[in-house]
Amino acid sequence: MPIVDLHAHVTPERYKTGIRDVGSWYGLDATVGELHHGAFAQGLAERLEDMDRFGVEMQLLTPTMGFYQYENDLEVTKKIHRECNDEIYQIISQHPTRFLGMGTVPMQDPASAITEMGRLVGEFGFKGVMINDHVAGTTYDDPQFLPFFQAAEEMGALLFFHQGGPSCVAARIDKYKLPNAVGNLTERALVFATLVFGGVLDKFPGLSLLLAHAGGYAPYSAARMDKVAGALPGDFDGKMNPPFGPNDGFVQKMPPSEYLRRFYYDCCTYDGPVLRFLIDTVGIDRVVFGTDYPAPMFQHDPVEWLRGLSELTATEKEAILIDNSNRLLGI
Ligand SMILES: [Zn+2]
């Protein structure tokens, strides 16, 4: 079974051509595809060389996050997404032993997102879609997204939650790269919380969910979510008794921390003890291999890094590198 990197992005060549020839592509400029970061400007040949050098046999490709375009005109976003997704399909068709596909869908219109997700999963054999932590500021407990989650469950589409654009931390402080370093992890905890507290996970128990960057602060904050929900011993007598009154809107059936195992998490923590904590909190079977290639946040030499961690057993390393990823993707 191959080592599969489940967190890998690609900036489409057709976009690069547009930027090079006329300076824009569907109105997008060079920053969207992160061409200022050299690795995004590289082509497929260099990507395959990198994969060989790092011992990564397959990548699950997703479009670079700038292509979410949830705040753009819907028809423009739909065209951008079709082009991104078509190119990923082209790549996986040319190199079926090296790449798998995941697409992007226009979440600002859930009906359109469902249609495109159906095309990707049904026609292209994509494993699912990558979506932002929120949709132009709207969180996933909003009822408008229920049909989307229902469709994803029915299609068996993996939903990969991954940041895009400035995170919530940017409103407080927008320097030292904190909207990235702290904000992206905060956003991931909010995805977890809104899906749990909004009752989405109770409604759709069959959803297949992957949180980028090891779930951010979700595993670390789940106990505190238990406390606010009244689900810790002393508060919990079989039903949740929130300490702040009955009007906080808790509708979930189980203590929040019990939903941690409903998600998968990539291993992109950059730190052995943090990865150890993740495994101990969510279970080794929920952790998969993901590197953030070719972003500046890429975990350098990721296979060697993981194999060198003293905090993990050899069995755990192989589970992350091979078993869990292959099981999740149905390889
Ligand atoms: Zn990423």
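Does T281 count as buried, exposed or partly exposed, and how many C-beta neighbours does T281 have inside 10 Å?

**View 1. The surroundings of T281 in the predicted model.** In this predicted structure, T281 has 18 C-beta neighbours inside 10 Å and therefore counts as partly exposed, since the buried class requires 20 or more and the exposed class 12 or fewer. The residue T281 belongs to helix α11, which covers residues 272–282. When the neighbours within four places in sequence are left aside, T281 is in contact with P219 and L260. F40, by contrast, is 241 residues from T281 along the chain, and the C-alpha atoms of F40 and T281 are separated by 34 Å.

**View 2. The parallel pairing of strands β4 and β5.** Strand β4, made of residues 128–131, pairs with strand β5, made of residues 158–161, in the parallel sense and over four bridges. Within this pairing, L159 of β5 is the residue that stands opposite V129. Helix α6, residues 146–155, joins β4 and β5 in a β-α-β unit that is right-handed.

**View 3. The protein chain as the setting for both close-ups.** The secondary structure of the protein chain comes to 13 helices and eight strands, and its C-alpha trace spans about 65 × 45 × 40 Å along the principal axes. Because a compact globule of 331 residues would have a radius of gyration near 20 Å, the 19 Å of the protein chain agrees with that expectation. Of the 331 residues, 43% count as buried, and among the contacts with a separation of 6 or more, 73% are accounted for by residues 24 or more positions apart.

Note on methods
Residues numbered from 1 in each chain as written. Predicted model: local features only at pLDDT ≥ 70, side-chain atom pairs only at ≥ 80, totals over all residues. Pairing = 2+ DSSP bridges. Helix = DSSP H or I, 4+ residues; strand = E, 2+ residues; numbered from the N terminus. Right-handed = clockwise from strand over helix to strand, strands pointing away. Contact = placed C-beta atoms within 7 Å. Rg over C-alpha atoms; globule rule 2.2 N^0.38 Å.
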